[in-house]
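Got your viewer open? Here is a short walk with something to select at each stop.

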Amino acid sequence: MDPTPGLRERKKAETRQAVHEAALRLVVEHGLDAVTVESIADAANISRRTFSNYFAGKEDAVLYGEEQRMGALVERVRAQPPGMPAWQALRVSIEELQEEVGEPEREWALRTRLARRHPSLLARQLANHAGLESDLAAAVAGRPGDVPGRVLAAAFLVALRLASHVWTEEGEARTLREVIRETLDQMARPFS
């Protein structure tokens, strides 16, 4: 089977990305509370109904890029050799993902700052992370290590979230990759 998505799937992905970009831009310009689903749909040149086909709400549209990156992380963890210890599989996977996509763009910092300022966005982000936590726990299940997969996945995600906050608080003085490494090193001490 051809792994390349067909035209229809590519168009859907392009529309989803356009809606995400419009949502993020509008929220940065006007604030989350001032932006409506209708204004996002208008900015993306789609109907309100089409918006609803892609996202449940404006928070989901704003956080889409983060969800994509986290989904890619889960796939990377699953692809690690089965005998690799769980914490190492998580560390290697985030390194590989960062290597592939490079340093996060300005968008990552924007989402982090927005989530800290808007409770509804933070709530949606935390709900997404709960789902991600389950996916990561399943991905590390059965790997060598003394810490249960669910605890390890939760600790890993807390470390990533903390690193994002530190990175933005520092005014992005260091790369996010450096801050993530440092935070994961600190977090790993009890797991080593």
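**Stop 1: the bent helix**

Start at Y64, where α4 bends by about 55° (the angle between axes fitted to the seven residues ending there and the seven starting there). This is a predicted model, with local features needing pLDDT of at least 70, side-chain atom pairs counting only at pLDDT 80 or more, and totals for chains, interfaces and linings using all residues. Residues are numbered from 1 along each chain as its sequence is written, and side-chain values use heavy atoms, leaving out hydrogens and water.

Now select residues 58-79, the whole of helix α4 (helices are DSSP runs of H or I, at least four residues, numbered from the N terminus). Its end C-alpha atoms are 32 Å apart, which agrees with the 32 Å expected for 22 residues at 1.5 Å a residue (1.5 Å times one less than the number of residues).

**Stop 2: α4 against α7**

Add α7: it packs on α4 at an angle of about 10°, with the axes 10 Å apart (lines fitted to C-alpha atoms over the stretch in contact, with angles from 0 to 180 degrees between N-to-C directions). The two are therefore roughly parallel (under 35 degrees). To see the contact (heavy atoms within 4.5 Å), show residues including M70 and L73 of α4 and L132 and L136 of α7.

**Stop 3: α7 against α8**

Next, select residues 119-140 for α7 and 149-169 for α8, which pack at about 135° with their axes 8 Å apart. In α7, L126 and H129 are among the residues that meet α8, whose side includes F156 and L157.

Key
Parallel < 35°, antiparallel > 145°, perpendicular 65-115°, else oblique.
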